[in-house]
Amino acid sequence: MTIQFYLRFTTVVGQELFITSLPNRKDPLRMSWFNQEYWFAQLELDPATLEGVTYQYQLQDVDGKIVTEWGEDRHLPTGIKGFTEIQVVDTWNHAGSFENAFYTAPFQEILLPETGKKKYKYPKQFSHIFRVKAPLLKKNEVICLSGAGTALRDWSTEDPILLQAEGNWWTVAIDLPKEEFPLQYKYGIYHTKHKTFVQFEAGENRHLFGDAGQHLTIVHDGFAQLPNTIWKGAGVAIPVFSLRSKNSWGIGEFTDIQALVDWAGSVDMKLIQLLPINDTTATHTWVDSYPYAAISAFALHPIFLNPDEVAGKKQAALLKPYRDQQKELNELETVDYEAVLKLKLNVLHQLFEVQKESWSSDPEYLDFFVRNQDWLVPYSAFCYLRDKNGSSDFTGWTEYSQYDQEAIENLVAPDSEEYAQIQFHYYLQYQLHVQLKAATRYAHKKGIIVKGDIPIGIYRYSCDAWVAPDLYNMDQQAGAPPDDFAIKGQNWGFPTYNWQQMQTDGFNWWKRRFAQMSDYFDAFRIDHILGFFRIWSIPYHSVEGIMGRFVPAIPVHKNEFQERGIWFDHTRYTQPYITENLLYERFGEVAGFVKETFLDPTGYGQYFFKPAFDTQRKVENWFITEEVRDTNNWLRQGLYDLQSNIILFEQEGSNGTQYHFRFGMEQTSSFQSLEWDTQAKLKELYVNYFYRRQDGFWMEEAMNKLPALKASTNMLICGEDLGMVPGCVPEVMNQLGILSLEIQRMPKNPEREFFHPDDAPYLAVVTPSTHDMSTIRGWWEEDRAKTQRFFNNELGQWGDAPAFCEAWINKQIIIQHLHSPAMWSIFQLQDLLGGDDRLRHTNPGDERINIPSNPKHYWRYRMHISLEQLMKEKAFNQDLKEHIKVSGRG
């Protein structure tokens, strides 16, 4: 059988097209330029090999980079007799086409369940097969076809040709006479119950050239041009630990998700969004409450287990001695992280001992173990060694400080002395899997999808870093540059990714991570997606985020200073600028102590730090070891500020030829002390460095990673694209069909003070606040002048803004977001409750989940009312449901 492929695709000189996944071929099939509209390829195949064949097109760009079209649902028909030649006419499926979102798992399996599972029954005689996609048809609507000529029924709307849903495609086979070519036709919508034509698709008529003969022609026409941005959904965001129910043990648990689903369903929400749920148990203290510092990118947190569910009826009596403590912890306003974890581990240890024999031979557990052993075994060994050594810092362990697979296999062997202690962690992870799986399965039955969260970093002393340290830059720390929320920047402490090493095996670590996420989640949020373009990297010897720079980045060459007429003084620009006046302005009467203890004079009224204090980490360690009492960290912060009073960072290994600007250079006294002409020229180069030269480079970096990662999963992907967003980010996200995050108080347009939800793109999530921000009510009280402008300009209200965010204001902001054109409007539960005078928390400050500027923040917020009580609030729920319905999200 001869297969001829015609692909509608317009290229530029140097681009080439290929076909992949064809049977009995190791290499892609190269196509040839046919004309301005088409590329062509021909292939001889045994008809027996066509069974189940799908194929894709690839574009090789001028620079050699490969771009694969989206989707794996283009297939050749099987069982067709009488044809020795097949002509295939295809349309490239651009990953950024928003219709592709409706073919991701959450839509296909939950929100828009597939109706076309029947195999199309071909007629006895036909010459052409037409296929087209239309994901958003209403009940009793089908795709129809009409066009010029008798075979296409002369544009009839009373009796058009009806297509049948088959998988992702609407399909029909037609016998077309030669004399009716070239064809003009369009797809439309037909209502089968009312037997009426609804509408034609938009755009110009479609054309098909060629003829009908002994060959079969298959036309894949892409998407019908119909209103495909009409689907909109609403969702609620809340961390699992913040849930409160009458049955939980002082913290939200996986079993509480079902009650959250019940409430969300009662108000017609379609999504619940959670924060990361991975195990963060590094110190067994409240510091581990930070959900983005997981000791494993795969293991779930034992604190989210519900002991009653683990015990069942058989071991329920074992829990009786702990009921008083359970009740006491559950009645607390906030999470007592340490007490809850200690109690649960104690109870779970007892249940493990009782259930050990029956549990370990359970076929479902054995299947779970086999599917997850690649991460489960090293993680469990890591937990055992963490507890044995009293620290997750594996660099200080007496044994196994360097991961050795053979040694670990001996450690975890069933006949080893340590096996029972290691097996306990297998037990916990299996129980967590069972409870989370049950919760998400319950959500799916209710027509609700679950959205997870993938942190951008890993914990420095995690199992991941222990097992494969070469995947990370352990001498660096990830963070974020300064902004209005953290003026010194953020230092998350995570090592940065060694992307070059990760790419050697096709990003296998990430793909495994996505695969495991898909066991429980339908969609996920990529935390700080900007990290795939460039990461804010801080040397380990620094403490503050302001001491970082973007990596990778194109540096400034020393010659560029000379070309711009800037006298280059290496010491002046790269060393902290410390003068006598600056010391007395900052430290006052203790300036002498600072000079004597930390500094050496240069002889020109300036100072350098002594070698013992020439990094922020050395200063930090001095305060710890000397146990200096420093009220409010005033002295230490002053020293940090001196060390960050610089203009340039030298590129390591460049021999003094390449440099990177310190972010916010113009705010430093080092810069302000320069003469005006030098300031102006440096500022011009600074702007070029941060806002012009990097964009194409960062786009290339992202396109080296994100397409392969997105192609590895069919979950719906949302990117947290906040902060200092390069111009290339929206373009890359649009190309890949990744949803953006739009926040009213963080406009991406620097010329606007606020972002209006009405201006959101369709492939977006709009929200008035996130877990990293104050709630609507909290924000209202932070800046009186700003909220006044918001009140007048964004809400369209006259007069003075109320001093506090009254319920009607809060509610109006929620309604604004519900009516956005964005695909998703997602709200923190606190913001939804803030629109009701009776249900809102008395103190909005207590509802904040995280303060990014504080790296030691205690994550302990809990709902102030239970899920059971929320379910009973009929008036509130009915009002919210009505607003969701009116907005078109119900």
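**Strands, helices and a cavity, with reasons**

Modeller: Four bridges join strand β25 (residues 523–526) to β34, and these strands run parallel. Please keep in mind that this is a predicted model.

Biologist: Thanks! What makes β25 and β34 a pair?

Modeller: Pairing takes at least two bridges. β25 and β34 are joined by four bridges, so they count as paired. Within β34, Ile717 is the bridge partner of Phe524.

Biologist: Which sheet do these strands belong to?

Modeller: An open sheet of eight strands with parallel pairing, in the order β34-β25-β20-β19-β18-β37-β36-β35. On average, neighbouring strands in this sheet are turned by 25° against each other, ignoring direction.

Biologist: Why are β34 and β35 called edge strands?

Modeller: β34 (716–719) and β35 (740–743) each pair on one side only.

Biologist: What lies across β18, β36 and β37, and how should I describe its direction against β37?

Modeller: Helix α25 (residues 807–818) lies across β18 (233–237), β36 (764–767) and β37 (824–828). Its angle to β37 is about 155°. Angles over 145 degrees count as roughly antiparallel, so that is the term for α25 against β37.

Biologist: And why is α2 called roughly parallel to α8?

Modeller: Helix α2 (residues 257–266) and helix α8 (residues 419–445) pack at about 10°, their axes being 9 Å apart. The limit is under 35 degrees, so α2 is roughly parallel to α8.

Biologist: Which residues make that contact?

Modeller: From α2 come Ile257, Gln258, Val261 and Asp262, and from α8 come Leu436, Ala438, Ala439, Tyr442 and Ala443. By class, seven are nonpolar, one is polar and one is charged.

Biologist: How do you know that β14 and β15 are paired?

Modeller: With at least two bridges needed, β14 (residues 183–191) and β15 (residues 196–200) have four, so they qualify, in the antiparallel sense. One bridge partner of Tyr190 is Phe197 in β15. The two strands form a hairpin with four residues between them, and Lys195 in the turn has a positive phi of about 55°.

Biologist: How many cavities did the search find, and what lines the largest?

Modeller: There are five of 30 Å³ or more in the whole structure, and the largest holds about 110 Å³ of space. Its lining has 17 residues, the closest to the centre being Phe241, Ser289, His301, Phe304 and Tyr337. The lining comprises eleven nonpolar, four polar and two charged residues.

Biologist: What makes Tyr337 nonpolar here?

Modeller: Tyr is counted among the nonpolar residues, so Tyr337 falls in that class.

Conventions: Residues numbered from 1 in each chain as written. Predicted model: local features only at pLDDT ≥ 70, side-chain atom pairs only at ≥ 80, totals over all residues. Heavy atoms only, no water. 1 Å grid on protein atoms, 1.4 Å probe; cavity = no way out; pocket = protein on both sides within 12 Å on 5 of 7 lines; lining within 4 Å. Points joined across faces, edges and corners; volume = space filled by probe spheres on them. Axes fitted to C-alpha atoms, helices over the stretch in contact; angles between N-to-C directions. Parallel < 35°, antiparallel > 145°, perpendicular 65-115°, else oblique. Contact = heavy atoms within 4.5 Å.
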